[in-house]
Amino acid sequence: MKIGASMRLFPRENYLKKIRGFYHDDGMIKVITGVHRCGKSCLMQCIAEELRAEGVDDDHIVFFDLDRYGYRSVKAPEQLEALIGPLLAVSGTKYLFIDKVQNVVGFEDVLNGFRTEGGFSIFITGSNSYLLSGELATKLTGRYIEYR
């Protein structure tokens with residue numbers, strides 16, 4: 001899915017340069033946290049645009065905004081797994097962007113499963129106190145890096 005087509009993005013170089021070294025790392029979940037409306041989604045869109053500029057095909061870049069129409073009903077881990085599952089058929093590294101992941105109770109087990117499966121470079125955002133609390137370290141078994 002093409003993202004940011006109608007929105008002008010302003011790359012935030014200070015954040016992007018910290019994340020760039022992990023773009024292709026499928027063993028580490030990249031977690032972007034911050035207060036509501038601080039630019040987390042736009043940062044993910046900038047990352048996706050940089051991947052495209054590197055030559056990554058659109059069918060390898062998948063963006064789910066769990067607050068948008070068509071995805072708001074995804075609340076259970078089984079639903080999230082069903083959404084991501086078809087990507088297993090795509091060969092090579094898939095770049096998975098999930099915005100507002102905290103909307104799915106139990107998302108951690110699903111993401112850990114796909115991270116363990118390999119072939120997924122996973123980026124997530126969240127703004128609620130759960131993602132900012134530090135409980136994430138336990139739930140994601142320490143295989144994540146957080147950008148605030």
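Tutor: Rings of Phe and Tyr pair if their centres lie within 6.5 Å, and planes over 60 degrees apart count as edge-to-face. In this structure, which is a predicted model, Y23, F63, F97 and F123 form one aromatic cluster.

Student: Before we look at those rings, how many helices and strands are there in the protein chain?

Tutor: The protein chain has six helices and five strands, and, read from the N terminus on, these elements follow one another as α-β-α-β-α-β-α-β-α-α-β. Of its 148 residues, 47% count as buried, and the accessible surface comes to about 7600 Å², with 52% of that area belonging to carbon and sulfur atoms.

Student: What share of the contacts between residues at least 6 apart in sequence join residues at least 24 apart?

Tutor: Within the protein chain, that share is 79%. For a single pair of residues to look at, take A48 and Y95, which are 47 residues apart along the chain, while their C-alpha atoms are separated by 8.1 Å. A48 sits in helix α2, which covers residues 40-53, and A48 counts as buried because its relative accessibility is 0%, under the 20% cut-off.

Student: Returning to the rings, how many aromatic pairs does the structure hold?

Tutor: The structure holds five aromatic pairs. In one of them, the ring centres of Y23 and F123 are 6.3 Å apart and the ring planes stand at 70°, so this pair is edge-to-face. Y23 belongs to the loop between α1 (13-19) and β1, whereas F123 belongs to strand β4 (residues 120-126), so the pair ties together parts that are 100 residues apart in sequence.

Student: Are Y23 and F123 buried or exposed?

Tutor: Y23 and F123 are both buried. Another edge-to-face aromatic pair is formed by F64 and Y71, at 5.2 Å from centre to centre and with 70° between the planes; F64 and Y71 are likewise buried.

Student: Turning to charged side chains, how does one read a salt bridge, and to how many salt bridges does the count come?

Tutor: The general idea is to look for a side-chain nitrogen of Lys or Arg within 4 Å of a carboxyl oxygen of Asp or Glu, and by this rule the count comes to six salt bridges. One of them joins E49 to R52, with the closest N and O atoms 3.0 Å apart; both residues lie in helix α2, three residues apart, or about one turn of the helix. The side chain of R52 also meets that of D58 in a salt bridge, at 2.4 Å from N to O.

Student: Which of these residues are buried, and which are partly exposed?

Tutor: R52 counts as buried because its relative accessibility is 15%, while E49, with a relative accessible area of 28%, is partly exposed, and D58, at 36%, counts as partly exposed. In a further salt bridge, between R68 and D65, the closest N and O atoms are 3.3 Å apart; here R68 counts as exposed at 53% relative accessibility, whereas D65 counts as buried at 10%. There is also a network of salt bridges that links E13, R20 and E50.

Student: What is the nearest side chain of opposite charge to K30, and how far away is it?

Tutor: That side chain is D25, at 5.5 Å, and K30 is buried yet has no salt bridge. The cut-off for a salt bridge is 4 Å, so the distance of 5.5 Å from K30 to D25 falls outside it.

Student: Which backbone oxygens, then, lie beside the side chain of K30?

Tutor: The backbone oxygen of D25 is 2.7 Å from a polar atom of the K30 side chain, and the K30 side chain also reaches the backbone oxygen of M28 at 2.8 Å. K30 has its place in strand β1, residues 29-33, and, leaving aside residues up to four places away in sequence, K30 touches several residues, including F22, Y23, S121, F123 and Y147. Thus Y23 and F123, the edge-to-face pair met earlier, are both among the residues that K30 touches.

Student: Finally, what phi does K100 have, and where does K100 lie?

Tutor: K100 has a positive phi of about 65°, although it is not a glycine. K100 lies in the loop between β3 (94-99) and α4 (107-117), and K100 is buried, with a relative accessible area of 18%.

Key:
Residues are numbered from 1 along each chain as its sequence is written. This is a predicted model: local features need pLDDT of at least 70, side-chain atom pairs count only at pLDDT 80 or more; totals for chains, interfaces and linings use all residues. Side-chain values use heavy atoms; hydrogens and water are left out. Helices (H or I, at least four residues) and strands (E, at least two) are DSSP runs, numbered from the N terminus. Buried means under 20% relative accessible area, exposed over 50%, partly exposed in between (1.4 Å probe, protein chains only). Lys and Arg count as positive and Asp and Glu as negative; His and the chain ends are not counted. A polar contact is a pair of N or O atoms within 3.5 Å; within protein, one must be able to donate a hydrogen and the other to accept it, and residues adjacent in sequence count only if both atoms are side-chain atoms. Contact means heavy atoms within 4.5 Å. Accessible areas come from the Shrake-Rupley method with a 1.4 Å probe; for residues, only the protein chains shown count as cover. Rings of Phe, Tyr and Trp (its six-membered ring) pair if their centres lie within 6.5 Å; planes under 30 degrees apart count as stacked, over 60 as edge-to-face and the rest as tilted.
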